[in-house]
Each structure stands twice: as structure tokens, then as C-alpha cells.
Amino acid sequence: MDPTVSVEYEPVSVKSVLAEMKDTAELLIDLSYSAVLLGSDDVAAEVLELEEKMDVLQLRARMSLLMACRSTEDAEALAPVLGMVGAAEKISDAAGDIAKVVLEDIGLPETMRAALPEALETLVRATVAPDSPLAGRTLGALNLETETGVRALAIRRQGDWLLNPDRETALQAGDVVLFRGPESGISEVYRDATGERYEPPDPPEGAAQDLDRAVTSIVLMKDMAELAVDLAYGAVLFDSEAVAEEVVELEAEVDALQSRFEAWVLRAAGESDDPVSLRGLVHLARSTEVISDAALEMSEGVLRGLSTHPVVAEAVQESDEILTQATITESSDFAGATIGEQEIKTATGMRIIAIRRPGSQSDRTGREGGDWVVSPGPETPLQAGDVVIAKGTRSGAERFVALAGG
């Protein structure tokens with residue numbers, strides 16, 4: 001944010017500001033890595049503009065929280081909320097640093113761009129054709145996320161970017177849309193949008209082994225950091241110490257991956273004709289590690305036994321992508337099937353991010369019994385009694401809960 005720009009206190013709803021900060025932080029992660037994948041200065045510039053917007057949001061949130069604090073009880077209740085604000089700001093700064101890798105042409109090996117689509121599910125840039133069946137229809141009417149698992153992240157229209165489009169946003173011929181989702185869904189949506197067949201990029205050949213390992217480390221770090229942010233919001237929303245401890249484990253794994261990454265990238269630099277071209281990898285790894293640290297900061301209040309302030313839970317539930325928790329019953333079609341067999345992401349638009357298997361009752365400390373499975377894949381089986389945390393659209397959440405309950 002330009003330090004000369006004046007920001008004054010305004011009587012705003014803390015809940016609405018927190019919800020907007022959550023949406024903006026998640027969008028910043030998506031767009032920053034998308035800018036790297038696409039090598040797009042335009043998308044990277046939008047990331048920096050959103051980063052400035054986040055600076056203003058966090059100042060207004062802090063002002064409102066200070067105005068609301070009148071006693072020691074208020075201070076204790078609002079301290080975790082300040083932690084959420086600070087964590088979202090850290091994510092914003094890290095995303096801005098990732099965008100600068102593109103804008104300042106710091107340099108990335110092509111191996112990185114070939115590896116990112118898998119880490120971002122599949123992400124494509126599609127121009128809506130004049131005769132496309134998508135043209136002239138709203139995203140709500142198309143129901144893409146529920147029917148195909150594909151989400152429109154951003155739209156460029158006549159030179160301007162529309163970020164985080166909602167159900168009321170109509171697609172127009174000539175729109176350049178960033179779509180993200182499973183490859184099967186992307187193929188269908190890309191064909192409908194452009195009239196052409198989707199061809200996934202071929203990975204470059206001949207990458208050095210150590211460079212390959214370094215790139216793989218960053219992709220894993222990115223996946224883990226993003227999952228840690230999702231679980232951190234889940235820990236706060238459901239006031240779950242067990243979920244918060246999973247965030248701690250993920251943050252530790254990201255730290256360990258960064259340590260191995262540093263060794264591999266230094267070895268790769270010794271084999272490279274142009275070691276300076278690897279600077280971008282170092283920037284990506286550092287920024288990704290900051291995102292995982294921010295997730296841990298979000299969970300800190302839960303880990304220290306501070307109850308989640310109701311305003312935080314309400315803000316998480318009012319954001320664009322919401323979290324929901326459901327218990328799978330014996331009468332549910334989910335029971336006894338794998339996530340892939342039920343095509344849950346396609347059928348509901350919800351992505352399962354964690355599963356708690358049935359176990360002993362909560363002990364006297366309030367911790368949940370049973371084991372947690374984080375970042376389950378298509379082959380992960382579901383069982384009656386499983387408690388699942390999923391992320392997606394509001395309408396998708398209602399359908400997901402209904403199906404989980406049979």
C-alpha cells in the first residue's frame with residue numbers, strides 16, 4: 001500500500017471485513033501461482049492491486065477491533081481475531097512476492113511451469129467464443145462448479161480483470177476466463193467455451209535430477225501450505241484443537257521440504273549454465289513457506305485454548321467459499337465407497353479436505369477421538385461415522401450435507 005494514502009476509521013462490520021479478507025487471501029494464492037504458470041504480467045499486476053486492497057482491509061479491521069475492546073475479557077476474546085487479520089496480511093504479502101517473480105522477470109525454469117498445473121489441479125486460460133453455449137449465461141445458471149468441479153477464478157473483459165466472479169456474473173463473448181478444476185471437467189468446459197479441444201501442456205525434457213527434485217519440493221510445499229490455510233480456517237470455525245494440530249504438522253513438513261529444496265537447488269545451480277535463472281525458485285519457496293506460517297498463526301488461538309470469537313465463525317461461513325462439516329451415516333451412498341467412485345467434487349462442488357475416522361470419545365481435554373486423514377484423494381474410502389470437512393460453494397454444501405446424511 002502507498003504509505004502516503006490516508007486511511008481513516010469507518011464504522012464497518014468486523015464480520016464482513018474478515019469475510020472479505022478470507023476471500024481475498026484465498027484468491028491471492030490462486031492468482032499469484034496462476035500468474036507464474038501463465039507468465040502473465042496482467043494477472044501479476046492484479047495480485048499487487050489486491051495486495052494493496054488487503055492492506056486497507058487489515059487496517060480497518062484492526063481499527064474496528066480496537067474500538068470494540070473495552071475490558072480484559074474483550075482483549076482475550078479478540079486476540080485470536082487479531083491473529084486471523086495478521087495471518088491474512090502475511091498471505092497477501094507472500095502472494096505479492098510471488099507475483100513479483102513474474103513482473104520483475106526474476107526467472108523460472110520451464111520445469112516449474114510444467115509442474116504447476118498439477119499443483120493447481122488443472123488451470124487454463126480460455127477465450128469465450130461468440131457461438132459458445134456459455135456466452136450470455138450467468139455462472140449460477142451454468143452451475144459449472146457443481147456439474148463439472150470447475151471454478152471460474154477470474155475474467156478479463158475489454159482489458160479489465162473481474163476477480164472472484166459470483167453466481168450473478170454473466171460470461172460474454174470475448175471474455176478471457178481463468179478456469180480451475182479436475183482435468184476431465186476442464187476438458188469439457190474449455191471445449192464449450194472455445195469450441196476447441198483442450199490439450200494439456202507437455203512437460204519439458206531433459207531436466208536435471210536435482211532441479212526436478214527442487215521443483216517437486218515447491219509443488220508439494222504449495223499443496224501443503226494451501227491445505228494448511230484451509231484446515232486453519234476449519235480449526236477456527238469448528239473450534240477443533242485436533243484440526244489445529246494437523247496444521248502444526250503440515251507447517252513442520254513445509255519447513256522440512258524447504259530445507260531439502262535449498263540443498264537440491266544449490267546442487268542444480270552447480271550443474272546449470274545459468275544459475276541466476278533459478279532465483280525465481282528461491283523466491284517461490286520462501287513465499288510458500290510464509291503462507292504455511294500464516295496458517296499456523298491462524299490456529300494459534302485454538303491451540304492455546306482461546307475460544308473462537310463468534311464473529312470469526314460467522315465471517316468464515318459468509319465468505320465465497322465456505323467450509324462445512326458432516327457425519328456420514330450408514331444410509332448414505334458415501335458409506336463404503338471411495339471419494340472417486342462417488343465423484344463428490346463433480347456431484348456437489350465440494351472438495352473434502354479432511355476426514356476424522358471414528359474413534360474413542362473425546363477425552364477430558366476436549367480433543368476429538370479417532371485419526372485424521374488430511375488431503376484425501378479419489379482412492380480414499382469413506383465409512384459410516386466418518387466426520388468430514390469439505391470446502392466449496394454454499395449450494396454445494398447443502399447438497400453435500402444431505403448426501404452425507406443419506
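**Helix packing, two loops and a sheet**

Student: How do H1 and H3 lie to each other?
Tutor: H1 and H3 turn out to be aligned in a roughly parallel way, a class that takes angles under 35 degrees, while over 145 is roughly antiparallel, 65 to 115 roughly perpendicular and the rest oblique. This is a predicted model, in which local features need pLDDT of at least 70 and side-chain atom pairs count only at pLDDT 80 or more, whereas totals for chains, interfaces and linings use all residues. Residues are numbered from 1 along each chain as its sequence is written, and side-chain values use heavy atoms, with hydrogens and water left out. Helix H1 (residues 14-38) and helix H3 (residues 72-103) pack with axes 9 Å apart and at an angle of about 20° (0 to 180 degrees between N-to-C directions, with axes fitted to C-alpha atoms, for helices over the stretch in contact), and the two are therefore roughly parallel.

Student: By class, how many nonpolar residues has the contact of H1 with H3?
Tutor: The contact (heavy atoms within 4.5 Å) draws on residues including Leu18, Met21 and Ala25 of H1 and Val81, Val85 and Ala88 of H3. Two of its residues are polar and none is charged, and the number of nonpolar residues is 15.

Student: How do H1 and H2 lie to each other?
Tutor: The angle between H1 and helix H2 (residues 41-68) is about 160°, and their axes are 9 Å apart. The crossing of this pair is left-handed, that is, the near helix is turned anticlockwise from the far one by less than a right angle. With respect to direction, H1 and H2 are therefore roughly antiparallel.

Student: How many charged residues are there in the contact of H1 with H2?
Tutor: Among the residues making this contact are Glu20, Met21 and Leu28 of H1, together with Glu51, Lys53 and Met54 of H2. The residues divide into 16 nonpolar and four polar, and the charged ones number three.

Student: Does asparagine 143 count as buried, partly exposed or exposed, and why?
Tutor: Asparagine 143 sits in the loop between helix H5 (139-142) and helix H6 (144-148), and its phi is positive, near 55°, although the residue is not glycine. Buried means under 20% relative accessible area, exposed over 50%, and partly exposed in between (1.4 Å probe, protein chains only). Because its relative accessibility is 24%, asparagine 143 counts as partly exposed.

Student: What is the phi of aspartate 239?
Tutor: Aspartate 239 lies in the loop between helix H8 (209-237) and helix H9 (241-271), and at 43% relative accessibility this residue counts as partly exposed. The phi of aspartate 239 is positive in a residue other than glycine, with a value near 50°.

Student: Which strands stand at the edges of the open sheet?
Tutor: The open sheet has four strands in the order S5-S8-S6-S7, with antiparallel pairing, where two strands pair if DSSP finds at least two bridges between them. From one strand to the next, the twist averages 25°. Each edge strand has a single partner strand, so one side of each is left without a neighbour in the sheet, and these strands are S5 (322-327) and S7 (372-374).

Student: Which residue in S7 stands opposite isoleucine 355?
Tutor: Strand S6 (residues 350-356) runs antiparallel to S7, and three bridges join the two. Opposite isoleucine 355, the residue in S7 is valine 373.

Notes: Nonpolar A, V, L, I, M, F, W, Y, C, P; charged D, E, K, R; others polar.
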